[in-house]
Amino acid sequence: MKVLFRTDASVSIGAGHVMRCLTLAAALTERGASCSFVCADTTGNLHDAIRAQGYPLYILSNNLPDEQQDAELTLARLIEPYQLLIVDHYKLGQHYCSKLRQYCQHIMVIDDLANRQHDCDLLLDQNLLPDAGQRYNKLIPKHCITLFGPRFALLRDEFYQVKRPAHPNHILIGFGGSDEQNLTAMAIKALQQLKLTAITADIVIGANNPWRAEVEELVASLPNVRLHVQCNYMATLMYRARLMLGAGGASHWERCICALPGLVVTVAENQQATTAYLDHLGACVWLGQAAEMSAERFAEQLCYYLSQPALLDKISQSAAGIVPADAGTPLVAEQIFALVRGLNGNN
């Protein structure tokens, strides 16, 4: 089966779309699929990460005013048909997919906004929302197969390992691949304010973090803090931590499967509904939006929750019940192969 991914990463949109597509590509490749990527030439792209995993990459111009030009440039770079197109991109919808139908037999869309029409045969929205089953009623074709909720969360193999006991007073800080608002530096300043020698921390940033030099300088002043840049062992860090301070988005499901309590800051509007619902279920604590945060607030919240072990245990238990340990990426891969085999009789 030949699969084409259309996705992007940048400083403004972050790394999440590309990273979850790489996770799915790895699962499909393991089952015998041949995967390729199409990405725009954006600032903060992850082209090197895609190539490092051995996938062919077609690069589009960064100046793409609409879906029409994006689709035409995509088609111009393809030299052979694909059995499946997978689109994970907030700026692309029905028009893009309809144009690519002539070159791709089947189409899958990964989305969580539910704000535009889609031309697809399979739709994945891994968010947990009370109205998940109704949001796409008028946005997708009647024949479209839907995969809703964290049961279908695209998690790497590392997150299915056996959980190890967390280290007391150990914090994990991670605000995504780009952290456009520089919340990481704010969190480090909060650790400086706490001045608690018993607290240790791992801090994760992406390779394209625009504040990297400042973060490295701040980390150097704290002997109990270690910085990790573009690491591929996030599950190990999550299992080690007692509490995480970070952003919403796909990291919700990583935290949940690791039963890791999270203090969550929403850094984009599309993260708010799911984060609020998880907070309501007791699976995380929503601190608010990025613009409302300060080093003082981070310090206050970290100090409070680290002093409440029973409360952290309760949040951990609630989080652990959100993402099934026997589903996720393998289940999505099964659904994709079932779709293709069911419609064309081969893989």
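**Close-up views of the predicted model**

**View A. Asp112 is buried in this predicted model, with a relative accessible area of 10%.** Its partner Arg20 is buried as well, at 8% relative accessible area. A salt bridge joins Arg20 and Asp112, with 3.8 Å between the closest N and O atoms. This pair links distant parts of the chain, 92 residues apart. Arg20 belongs to helix H1 (residues 16-30), whereas Asp112 sits in the loop between strand E5 (104-110) and strand E6 (122-125). The structure holds 16 salt bridges, and two further pairs are shown in View B.

**View B. Salt bridges join Asp125 to Arg135 and Arg242 to Asp313.** The side chains of Asp125 and Arg135 meet with an N to O distance of 2.6 Å. Asp125 lies in strand E6 and Arg135 in the loop between E6 and strand E7 (145-148), so the salt bridge ties together parts that are ten residues apart in sequence. Asp125 is buried, with a relative accessible area of 3%, and Arg135 is partly exposed, at 23%. In the other pair, the closest N and O atoms of Arg242 and Asp313 are 3.0 Å apart. Arg242 is in the loop between helix H7 (234-240) and strand E11, and Asp313 is in helix H11 (residues 309-320), so far as sequence goes 71 residues apart. Asp313 is partly exposed, with a relative accessible area of 36%. Elsewhere, Arg6, Asp8 and Asp70 are joined into one network by salt bridges that share partners.

**View C. Strand E12 (residues 262-266) is largely enclosed by the rest of the structure, because five of its five residues are buried.** Gly262, Val264 and Thr266 point one way from E12, while Leu263 and Val265 point the other way. In a regular strand, side chains alternate between the two faces of the sheet. E12 pairs in the parallel sense with strand E11 (residues 243-247) over four bridges, and Gly246 stands opposite Val264. E11, helix H8 and E12 make a right-handed β-α-β unit. E12 also pairs in the parallel sense with strand E13 (residues 285-289), over four bridges. Here Val265 has Gly288 as its bridge partner. From E12 the chain crosses through helix H9 (residues 272-280) to E13, in a right-handed β-α-β crossover.

**View D. The largest cavity has a volume of about 50 Å³.** It is one of two cavities of 30 Å³ or more in the structure. Its lining consists of Ser10, Val11, Gly14, Ala15, Gly44, Leu46, Gly177, Ser178, Gly206, Asn208 and Gln230. By class, three of these residues are nonpolar, eight are polar and none is charged.

**View E. The second largest cavity holds about 50 Å³ of space.** Its lining is made up of His252, Arg255, Cys256, Leu260, Gly262, Leu278, Ala283, Cys284 and Ala319. Helix H8 (residues 251-257) gives the largest share of this lining, three residues. Gly262, shown in View C as a buried residue of E12, is also among the lining residues. By class, the lining has six nonpolar, two polar and one charged residues.

Conventions. Residues are numbered from 1 along each chain as its sequence is written. This is a predicted model: local features need pLDDT of at least 70, side-chain atom pairs count only at pLDDT 80 or more; totals for chains, interfaces and linings use all residues. Side-chain values use heavy atoms; hydrogens and water are left out. On a 1 Å grid over the protein atoms alone, a cavity is a set of points where a 1.4 Å probe fits but cannot get out, and a pocket is an open set with protein on both sides within 12 Å along at least five of seven lines; lining residues have an atom within 4 Å of a point. Grid points are joined across faces, edges and corners, and a volume is the space filled by probe spheres set on the points. Ala, Val, Leu, Ile, Met, Phe, Trp, Tyr, Cys and Pro count as nonpolar, Asp, Glu, Lys and Arg as charged, and the others, Gly among them, as polar. Helices (H or I, at least four residues) and strands (E, at least two) are DSSP runs, numbered from the N terminus. Buried means under 20% relative accessible area, exposed over 50%, partly exposed in between (1.4 Å probe, protein chains only). Two strands pair if DSSP finds at least two bridges between them. A crossover is right-handed if, with the strands pointing away from the viewer, the path from the first strand over the helix to the second runs clockwise. A salt bridge is a side-chain nitrogen of Lys or Arg within 4 Å of a carboxyl oxygen of Asp or Glu.
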